[in-house]
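Let's take a quick tour of how the strands in this structure pair up and where two chains meet. Have the 3D view open as you read.

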Amino acid sequence: MTTDTEFQITDEMKAQIGVESEPWEYEVTTTSVRMYARGIGSDDPIHYDVDFAKAQGFRSIVAPLGYIGTPVYLPGTNDPTFGFPRRGGGPRLNIPFKGLLDGGTETEYLDVICAGDVLVETSHLADLKLRDRPGGKMLFVTNEAVYKDKTSGKVVAKMRLTSIHM
Amino acid sequence: MGEQVYFDDVAEGQEIPQLKKNCSTQQLVLWAAGSGDFYQIHYDKDFAQGTGLRGLIVHGALKHAFLGQLLHDWAGERGQVRKFGCSYRGMDEPKQDILCRGVVTKKYQDGGKNVVELDVWTEKPDGTKTSPGTATVTLPARG
């Protein structure tokens with residue numbers, strides 16, 4: 001981990017706050033919903049059995065809470081570790097710290113997300129905070145994303161993610 | 001998922017049924033595949049220790065998803081989780097119990113909806129809260 005105590009949030013970095021990214025498609029498939037449900041250890045058939053989900057009145061199996069689709073992966077375009085798209089627009093921060101941790105997640109649902117949905121996501125940098133820690137500093141980076149159903153254009157979810165760089 | 005919980009039967013201060021998790025490293029890999037988050041600190045011990053960590057740690061967003069499951073299971077088929085979130089204040093390790101808990105903090109009606117607000121969190125076996133947060137859920141009324 002860096003012990004860089006000189007790092008400061010620059011005006012150039014602050015200017016990135018609120019700049020909207022280009023849109024990117026997120027897919028919700030039966031396979032991805034089942035995989036995510038297995039990952040959390042759920043045994044609720046609503047996430048696995050299409051017939052069961054339809055009998056409950058849903059379009060298909062229901063995405064577990066916290067899963068809002070998988071960004072379409074294009075080699076050379078998406079981050080190979082985290083999968084998120086490196087697209088045009090949006091923030092371009094030159095962060096020197098090597099350490100990275102999750103800081104927090106907040107998800108708001110305006111509709112139920114089901115397999116078969118294709119969502120269009122846009123995001124922006126919402127906040128930057130710098131704090132001291134023993135031996136260095138920590139940079140809190142908060143991004144906000146909005147997910148719209150591709151067919152209807154309706155906002156179905158919003159997510160606020162904070163990462164900690166140190 | 002248990003029996004349907006109704007707005008009428010919920011009281012402020014009431015704790016909802018707990019959900020206990022204990023992640024194997026296999027589960028962390030399963031969730032990495034499901035989420036697309038392949039950060040090596042969750043499955044490569046050498047890499048994790050190279051970043052200054054003691055060893056592998058559970059994904060923060062997986063604990064968020066555990067809290068989602070806690071709320072999903074409690075709200076039942078006719079309830080809806082509108083919003084939930086948490087901050088990651090402490091690390092959890094594989095093969096260690098993670099207890100997911102929630103307590104009702106407020107109930108009210110808004111625009112014809114029966115709204116319940118909760119404090120939610122994950123905690124270690126010693127009671128330390130590692131992912132405190134809040135949630136908003138709507139529940140059906142009896143009758």
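Here's a short briefing on strand pairing and on the contact between chains A and B.

Keep in mind that this is a predicted model. Inside chain A, strand 4 (residues 118-133) pairs with strand 1 (residues 24-27) and also with strand 5 (residues 136-149). Chain A also touches chain B, with 27 residues of chain A in contact with 34 residues of chain B.

**Pairing inside chain A**

- Strand 1 and strand 4 of chain A run antiparallel, and 4 bridges link them.
- To spot this pairing, find Tyr26(A), which sits opposite Leu119(A) in strand 4 of chain A.
- Strand 4 and strand 5 of chain A are antiparallel too, this time with 14 bridges.
- A handy marker here is Ser123(A), whose opposite number in strand 5 of chain A is Ala145(A).

**The hairpin**

- Strands 4 and 5 of chain A make a hairpin, with 2 residues between them.
- Look in the turn for Gly135(A), which has a positive phi of about 85 degrees.

**Where chain A meets chain B**

- On the side of chain A that touches chain B, helix 2 (30-40) and strand 3 (100-109) of chain A each supply at least two residues.
- Strand 3 of chain A gives the largest share of that side, 8 residues.
- That side of chain A is made up of 8 nonpolar, 14 polar and 5 charged residues.

**A pairing across the chains**

- Strand 3 of chain A pairs with strand 2 (residues 80-87) of chain B, running antiparallel with 5 bridges.
- Check Thr107(A) for this one: its bridge partner in strand 2 of chain B is Phe84(B).

Key:
Residues numbered from 1 in each chain as written. Chains lettered and ligands numbered in written order. Predicted model: local features only at pLDDT ≥ 70, side-chain atom pairs only at ≥ 80, totals over all residues. Pairing = 2+ DSSP bridges. Contact = placed C-beta atoms within 7 Å. Nonpolar A, V, L, I, M, F, W, Y, C, P; charged D, E, K, R; others polar.
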